[in-house]
Amino acid sequence: MSADKPRLLITAADLAPEALALLEGFEVVYAGKQPDEALLTELCSRHQPVAIIVRYGRITPGVIAASAKLRVISKHGSGIDTIDVNAAKARGIAVRAATAVNAPAVAEHTWALILDCTKSVSRLTTRMHAGHWDKATHKSTELQGRTLGLIGLGAIGRRVAAIGAAIGMRVLGFDPYARDAVANVTMVDLPVLLRDSDIVSLHCPLTAENRQMINAAALAAMRRGAILINTARGGLVDERAVRDALESGQLAAAGLDSFETEPPPADHLLRNTRGLTMTPHI
């Protein structure tokens with residue numbers, strides 16, 4: 001490595017060529033696919049990066065303290081809950097996020113999960129490969145006329161809402177921080193949204209106040225046979241309560257793209273749960 005260029009740590013195994021072209025003034029260090037705190041601390045101590053681009057792993061006080069040269073921590077995405085913002089602030093280190101750039105991709109994936117939960121595409125594919133023909137017995141859910149409840153109406157939630165309205169759904173929204181009206185969305189409080197929605201989809205950041213906001217009580221308040229979608233943060237959901245709701249039939253299905261621990265361990269309680277579609281935080 002060149003001693004002349006400032007170093008930049010990327011908590012991933014790669015970065016798009018277009019992005020690397022913008023970083024030609026830096027010596028780039030990769031942390032790999034699943035960097036833990038010990039590895040990130042060691043890399044910061046050894047390379048003394050001036051900046052960290054965060055894709056995977058957590059940026060803890062120990063990681064931050066390991067580089068005396070650190071000036072900026074940037075999230076490759078919108079959520080900064082994996083960065084200890086207070087520790088960074090105490091050192092005068094700026095924390096930035098790529099707000100809204102991934103909104104189209106996340107909104108599209110939200111709808112991929114909704115459609116899989118309502119049309120059983122992945123389950124029917126597995127059955128077909130096993131030689132079954134479920135035409136006479138399969139029942140799917142038609143979305144036109146159903147109610148979609150969105151918790152969080154930032155750039156992602158608004159895109160999800162627009163698609164829901166376009167296919168003839170009634171769209172409810174809850175967002176205490178929304179500053180203006182959202183087209184085709186009726187704003188309600190959270191209890192009303194949970195009570196009246198056929199599908200509840202999460203699009204809010206994770207904070208200390210809303211951690212596990214979808215818990216046993218929230219799930220019990222939902223319509224029996226409702227569907228839960230989470231493409232936001234795993235900590236918003238009580239995973240054991242979701243499993244119990246799926247097994248009891250309180251939830252007809254759920255689509256989860258994020259989890260409390262990532263990747264989930266091999267014996268994770270959600271594995272092999274009926275009615276659950278899971279994707280690896282893509």
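Leaving out neighbours within four places in sequence, Leu-219 is in contact with Ile-214, Leu-228, Ala-241, Val-242, Ala-245, Gln-250 and Leu-251. The model described here is predicted.

**Nonpolar cores**

Leu-219 belongs to the largest nonpolar core, which has 30 residues. Together with Ile-151 and Ile-214, Leu-219 is among the residues with the most contacts inside this core. At least two residues each come from α8 (190-196), β9, α9 (216-221), β10, α10 and β11. Helix α10 gives the most, with four residues. Apart from this core lies another one, of 22 residues, including Ala-103, Trp-111, Leu-150 and Ile-156. In soluble globular proteins, nonpolar side chains tend to be buried together.

**The sheet and its helices**

Seven strands form an open sheet with parallel pairing, in the order β8-β7-β6-β9-β10-β11-β12. Strands β8 (185-187) and β12 stand at the edges; each has a single partner strand, so one side of each is left without a neighbour in the sheet. On average, neighbouring strands of this sheet are turned by 20° against each other, direction ignored.

At one edge, strand β7 (residues 170-174) runs parallel to β8 and is joined to β8 by three bridges. Within this pair, Gly-173 stands opposite Met-187 in β8. Strands of a sheet pair through backbone hydrogen bonds, either parallel or antiparallel.

Helix α5 (residues 103-119) packs on the sheet and touches β6 (147-151), β9 (199-202), β10 (226-230), β11 (251-256) and β12. The direction of α5 makes about 150° with that of β10. Helix α10 (residues 239-248) also packs on the sheet, where α10 touches β10, β11 and β12. The direction of α10 makes about 140° with that of β11.

**Thr-279**

The segment after β12 (276-278) holds Thr-279. Is Thr-279 buried or exposed? Thr-279 counts as buried because its relative accessibility is 17%, and the cut-off for buried is under 20%. The side chains of Thr-279 and His-109 are joined by a polar contact of 2.9 Å. Not counting residues up to four places away in sequence, Thr-279 touches His-109, Leu-113, Leu-256, Asp-257 and Phe-259.

**Salt bridges**

How many salt bridges does the structure hold? There are ten salt bridges in the structure. Side chains of opposite charge can pair when their charged atoms come close. The table lists some of these pairs.

| Salt bridge | Closest N and O atoms |
|---|---|
| Asp-134 and Arg-127 | 2.9 Å |
| Asp-180 and Arg-158 | 2.7 Å |
| Arg-195 and Asp-196 | 2.8 Å |

In the pair of Asp-180 and Arg-158, Asp-180 lies in the loop between β7 and β8 and Arg-158 lies in helix α7 (residues 155-166), so the pair ties together parts that are 22 residues apart in sequence. Asp-180 is partly exposed, with a relative accessible area of 47%, and Arg-158 is partly exposed at 30%.

Asp-134 is buried, with a relative accessible area of 14%, whereas its partner Arg-127 is partly exposed at 30%. Arg-195 counts as partly exposed at 48% relative accessibility, while Asp-196 is buried, with a relative accessible area of 14%. Salt bridges that share partners also join Arg-146, Asp-198 and Arg-223 into one network.

Methods
Residues are numbered from 1 along each chain as its sequence is written. This is a predicted model: local features need pLDDT of at least 70, side-chain atom pairs count only at pLDDT 80 or more; totals for chains, interfaces and linings use all residues. Side-chain values use heavy atoms; hydrogens and water are left out. Buried means under 20% relative accessible area, exposed over 50%, partly exposed in between (1.4 Å probe, protein chains only). A polar contact is a pair of N or O atoms within 3.5 Å; within protein, one must be able to donate a hydrogen and the other to accept it, and residues adjacent in sequence count only if both atoms are side-chain atoms. Contact means heavy atoms within 4.5 Å. Two strands pair if DSSP finds at least two bridges between them. Axes are lines fitted to C-alpha atoms, for helices over the stretch in contact, and angles run from 0 to 180 degrees between N-to-C directions. A nonpolar core is a set of buried Ala, Val, Leu, Ile, Met, Phe, Trp, Tyr and Cys residues joined through side-chain atoms within 4.5 Å. A salt bridge is a side-chain nitrogen of Lys or Arg within 4 Å of a carboxyl oxygen of Asp or Glu.
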